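Me: I am still learning to read protein models, so please take a close look at one part with me: the empty spaces. Explain each term as it turns up.

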Amino acid sequence: MVTRTVDLRSDTVTKPTEAMRAAMASAEVDDDVLMHDPTAFRLETEMAKVMGKEAGLFVPSGTMGNLISVLVHCEIRGSEVIIGDNSHIHIYENGGISTIGGVHPRTVKNNQDGTMDIDLIEAAIRDPKGEIVYPTTRLICLENTHANCGGRCLSVEYTDSVGEIAKKHGLKLHIDGARIFNAAVALGVPVRRLVQAADSASVCLSKGLGAPVGSVIVGSKEFIKKARRLRKTLGGGMRQVGVLCAAALVALQENVLVMLDGDHKKAKLLAEGLNQLKGLRVDVDAVETNIVYFEITEDSKLDAACLLKKLEEHGVLVMPESSTSLDV
């Protein structure tokens, strides 16, 4: 009989700590749509400071944060964004930038380490002389860490290089930083340095940081002013949201170094152990943060569905990726 469940499906299944729950219970609140919630203001100010940007805005989800950011930078319908073909915005966010914003994605192949080749990014930028037939390129998006590439980290040097290309061509740069703090801890650099070249970034609070809900987007004061209006348009304006922001403040102040570094070490240890099991294969060197992808080898008698069931019977939950691979 299973007496304990080990849930390895995703870092999104984290639970708020007792300190977070206490902070939520005692949070000072007001109407955030009217910009009067003091706890929301504290969180947004603190996140902007940590990220090295002028201002921040709390949003209900990372998907909304990315959507708002793209729409602010691509105000004119028919704009084009250069984005990784294996990125979260392109694959897992319901095509919102197109269906809601009228923004056209131009994909560039993601390498195994989550990067896109600099020359391919530059080659994807539309020639303004062809505007009679082409969309107008206005934005480049990066993802750090890159989830579908196994939580790989984009370096400061790489991000700066993309930023230089953006500036050269008069474009904006947005970073989907759902796990940007994981990247900062793994690389040993201040998080603000990882987004220094970016015009905006989104940061998830409810993954490894452990808060129950939300993300914060950061950028210039003018960017956030436009983002606030779009948040209301999309139904993301909430009233006494300080109850949620209080938990996020605890996460930001207490969990970054303590929790994330430990998660990375455990992920590496797990990868090394899985790689020693017959019938499983893990690229251990590719495990840089808190995501582990493992494959079932061709000579194994199991497939992913069968292994998933066996693990569940023993109280271990994992996420299937395909018929031959899973992630934890």
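**The empty spaces**

Reply: Let's begin with the second largest cavity, where helix 8 (180-187) and strand 7 (200-204) each supply at least two residues of the lining. Helices (DSSP H or I runs of at least four residues) and strands (E runs of at least two) are numbered from the N terminus. A cavity is a set of points, on a 1 Å grid over the protein atoms alone, where a 1.4 Å probe fits but cannot get out; lining residues have an atom within 4 Å of a point.

Before going further, please keep in mind that this model is predicted: local features need pLDDT of at least 70 and side-chain atom pairs count only at pLDDT 80 or more, while totals for chains, interfaces and linings use all residues. Residues are numbered from 1 along each chain as its sequence is written, and side-chain values use heavy atoms, with hydrogens and water left out.

Now back to the second largest cavity, with a volume of about 50 Å³. A volume is the space filled by probe spheres set on the grid points, which are joined across faces, edges and corners. Helix 8 provides the largest share of this cavity's lining, with three residues. You can pick out the lining in your viewer: Gly177, Ala178, Arg179, Ile180, Phe181 and Asn182 belong to it, and so do Val203, Cys204, Lys207, Gly208 and Leu209. Sorted by class, six residues of this lining are nonpolar, three are polar and two are charged. Here Ala, Val, Leu, Ile, Met, Phe, Trp, Tyr, Cys and Pro count as nonpolar, Asp, Glu, Lys and Arg as charged, and the others, Gly among them, as polar.

How many cavities of 30 Å³ or more does the structure hold? There are two, and the largest of them holds about 80 Å³ of space. To find the largest cavity, look for Gly84, Ser87, Cys141, Leu142 and Glu143, the closest to its centre among the 14 residues that line it. Strand 3 (79-84), helix 4 (88-92) and strand 5 (136-143) are the elements that give two or more residues to this lining. Strand 5 gives the most of all, contributing three residues. Try sorting the lining of the largest cavity by class too: you should get five nonpolar, seven polar and two charged residues.

Next comes a space that is open. A pocket is an open set of points with protein on both sides within 12 Å along at least five of seven lines. The second largest pocket has a volume of about 500 Å³. Which residues should you look for to find its centre? Of the 21 residues in the lining of this pocket, Asn148, Cys149, Gly150, Tyr293 and Glu295 are closest to the centre. Strand 10 (residues 293-296) gives the most to the pocket lining, with three residues. The classes here are easy to remember: the lining of the second largest pocket has seven nonpolar, seven polar and seven charged residues.

For a quick review, go back to your viewer and set the spaces side by side. For the largest cavity, highlight strand 5, which gives the most to the lining. For the second largest cavity, highlight helix 8, the source of the largest share. For the second largest pocket, highlight strand 10, which gives the most there.
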